[in-house]
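Work through the exercises below with the model in view. Try each task before reading its solution.

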Amino acid sequence: MTALTLGTTGAATAAESSAGAPAATGAHAATGAHAARHTADEPLLKGSAKLKRQPGDNVHFTFDAHGFADKARGTFYASHHVGKQWGGYFKGRIDCLVTGGPVAVATGIVTESHFQGAPGMPEIGDLKGKRFGFTVLDDGKKDRLGYSWAVDGLPKNSVGKCLGSAPFETLEKGDYTVHHWMPPREPAKH
C-alpha cells in the first residue's frame, strides 16, 4: 500500500476511556451501528482504533468531534509507527463534520506533528497548517476508516472542508461511534 496512514499512541487510551459505552437504539440497533450518549442533538464522531496491518506496523486514529458542518469542534490524533526505526504522530482541531446514517466525514487542521525517519522510509515534513479529511463507517464490530491522503501517497495536500475518501481500512481493535443528525429543513416558500 502506497498511502501513508497514521494512528494514536498513549493519547488513544485517554480518548477510549472518555468515549463511554454507546447504546444501540432505533434503526441503528438492527444494523449494529451505535447511537451516542450526549446532551445536544448534533452530529458526533468519537472513538479510537488500531488499523489492521502487518505485525510491527502500528497505526491508530482517535476522534472527538461534535457539531454540524463548519460549526464543528473537537480534536483528532493519528500516529503511525513501523518498528522502532520510523514513526510519529500528528494532531489537530476539527473544522467540519457531517454525517449520513452510520457514516461521518470530518476534516481538521493539523496543529502539531512529529516524525522520525529511517533510511529507506518515507520522509514526512512538518504537517502543521494542513487540512486532512477522515471518513468513518460505524458498523458495530466492523467499523471502517478512510483518509484523504489515500491516493497521493503521503499527506502533503490539504483538502476542502468535509472532504474524505471511502472508508477502506479495517480495524484490528477499537471502536468508533457516529451519531447522525441534520438540521431541520425550512419549509419551502412558494
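Three exercises follow, each with a worked solution.

This is a predicted model, where local features need pLDDT of at least 70, side-chain atom pairs count only at pLDDT 80 or more, and totals for chains, interfaces and linings use all residues. Residues are numbered from 1 along each chain as its sequence is written, and side-chain values use heavy atoms, with hydrogens and water left out.

**Exercise 1.** Find the disulfide (a pair of cysteine sulfur atoms within 2.5 Å) and say what it ties together.

Solution. The structure holds one disulfide. Cys96 and Cys162 form it, with sulfur atoms 2.0 Å apart. The angle about the S-S bond is -105°, and the link is left-handed. Next, place both ends: Cys96 is in strand S4 (residues 86–100) and Cys162 in the loop between S7 and S8, so the bond joins parts 66 residues apart in sequence. Strands here are DSSP runs (E, at least two residues), numbered from the N terminus.

**Exercise 2.** Is Cys96 buried or exposed?

Solution. Buried means under 20% relative accessible area, exposed over 50%, partly exposed in between (1.4 Å probe, protein chains only). Cys96 has 5% relative accessibility, so Cys96 is buried. Cys162, at 15%, is buried too. Val82, in strand S3 (residues 73–82), is partly exposed at 27%.

**Exercise 3.** Which residues does Ser165 touch?

Solution. Start with the place: Ser165 lies in the loop between strand S7 (144–147) and strand S8 (169–179). Contact means heavy atoms within 4.5 Å. Leaving out residues up to four places away in sequence, Ser165 touches Thr135, Gly146, Tyr147 and Ala150. Finally, the Ser165 side chain reaches the backbone oxygen of Tyr147 at 3.1 Å.

Conventions: Helices (H or I, at least four residues) and strands (E, at least two) are DSSP runs, numbered from the N terminus. A polar contact is a pair of N or O atoms within 3.5 Å; within protein, one must be able to donate a hydrogen and the other to accept it, and residues adjacent in sequence count only if both atoms are side-chain atoms. A disulfide is a pair of cysteine sulfur atoms within 2.5 Å.
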